[in-house]
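Q: I have a structure open and would like to talk through what holds its inside together. Can we go over it piece by piece?

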Amino acid sequence: GQTETTVTATLSMEKTPLTITQQPQSVTVANGAAAKTTVKAAGDGLTYTWYIKNAGAKSFSKSSVKSATYSVKMTATTKNRQVYCVVTDKYGKTVKSSTVTLKMK
């Protein structure tokens, strides 16, 4: 009388493999204007996490921006800010965009 329990696993295939279809671009705007850069990606259930590094900072930190477009008002503090995006699909796969610079005129 031995009882054996098995675990049922569900295997699913990605409909669309996770890829970046358009990298963000470096931008130059006037002081006080909004600098925007966008990443475009293909995949299932995508989420976006932007990382930022101000000029003079030692490392990148996670920003609060969760959309495909990163936007920030250009000031002396945000001048030459570097940003990149990590895109995650619903399967937990991630892809990192190129790093771009928001420059102020």
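**Core, rings and strands**

A: Before anything else, please keep in mind that this is a predicted model. A good place to begin is Tyr 70, which, leaving out residues up to four places away in sequence, touches Ala 35, Lys 36, Thr 37, Trp 50, Ile 52, Ser 63, Val 65, Arg 81, Val 83 and Leu 102.

Q: How many residues does the largest nonpolar core have, and which have the most contacts inside it?
A: The largest nonpolar core has 19 residues, and those with the most contacts inside it are Val 39, Trp 50, Tyr 70, Met 74, Val 83 and Leu 102. At least two residues of this core come from each of strands S2 (27-29), S5 (47-53), S7 (69-73), S8 (81-88) and S10 (100-104). As general background, nonpolar side chains in soluble globular proteins tend to be buried together.

Q: OK, Thr 37 was on that Tyr 70 list. Is Thr 37 buried or exposed?
A: Thr 37, which lies in strand S3 (residues 34-38), has a relative accessible area of 3% and is therefore buried, the limit being under 20%.

Q: And what lies 2.9 Å from a polar atom of its side chain, I mean that of Thr 37?
A: That is the backbone oxygen of Gln 25, which lies 2.9 Å from a polar atom of the Thr 37 side chain. Setting aside neighbours within four places in sequence, the contacts of Thr 37 include Pro 24, Gln 25, Trp 50, Tyr 70, Val 83 and Leu 102.

Q: Switching to rings: how many aromatic pairs are there in the whole structure?
A: A search of the whole structure finds three aromatic pairs. In one of them, Tyr 51 and Tyr 84 have ring centres 5.2 Å apart and planes at 15°, so this pair is stacked. The two residues belong to distant parts of the chain, with Tyr 51 in strand S5 and Tyr 84 in strand S8, 33 residues apart.

Q: Why is the pair of Phe 60 and Tyr 84 edge-to-face?
A: Their planes are at 65°, with the ring centres 4.9 Å apart, so the pair counts as edge-to-face, for which the angle must be over 60 degrees. This pair also links distant parts of the chain, because Phe 60 is in the loop between S5 and strand S6 (61-62) while Tyr 84 is in strand S8, 24 residues apart. Tyr 84 is buried, at 12% relative accessible area, whereas Phe 60 is partly exposed, at 29%.

Q: What do Tyr 51, Phe 60 and Tyr 84 form, taken as a group?
A: Tyr 51, Phe 60 and Tyr 84 form one aromatic cluster, and Lys 96 lies over the face of Tyr 84, at 4.4 Å from the ring centre.

Q: Back to S5: why is it largely enclosed by the rest of the structure?
A: Five of the seven residues of S5 are buried, so S5 is largely enclosed by the rest of the structure. S5 and S8 run antiparallel and are joined by seven bridges, with Thr 49 having Val 86 in S8 as its bridge partner. S5 also pairs with S6 in the antiparallel sense over two bridges, and there the partner of Tyr 51 is Lys 62.

Q: Last one: where does Asn 31 lie, and what does it touch?
A: Asn 31 lies in the loop between S2 and S3 and counts as exposed, at 55% relative accessibility. Not counting residues up to four places away in sequence, Asn 31 touches Met 74, Thr 75 and Met 104. The C-alpha atoms of Asn 31 and Ala 76 are separated by 8.0 Å, although these residues are 45 residues apart along the chain.

Note on methods. Residues are numbered from 1 along each chain as its sequence is written. This is a predicted model: local features need pLDDT of at least 70, side-chain atom pairs count only at pLDDT 80 or more; totals for chains, interfaces and linings use all residues. Side-chain values use heavy atoms; hydrogens and water are left out. A nonpolar core is a set of buried Ala, Val, Leu, Ile, Met, Phe, Trp, Tyr and Cys residues joined through side-chain atoms within 4.5 Å. Buried means under 20% relative accessible area, exposed over 50%, partly exposed in between (1.4 Å probe, protein chains only). Helices (H or I, at least four residues) and strands (E, at least two) are DSSP runs, numbered from the N terminus. Contact means heavy atoms within 4.5 Å. Rings of Phe, Tyr and Trp (its six-membered ring) pair if their centres lie within 6.5 Å; planes under 30 degrees apart count as stacked, over 60 as edge-to-face and the rest as tilted. A charge sits over a ring if NZ of Lys or CZ of Arg is within 6 Å of the ring centre and within 35 degrees of the ring normal. A polar contact is a pair of N or O atoms within 3.5 Å; within protein, one must be able to donate a hydrogen and the other to accept it, and residues adjacent in sequence count only if both atoms are side-chain atoms. Two strands pair if DSSP finds at least two bridges between them.
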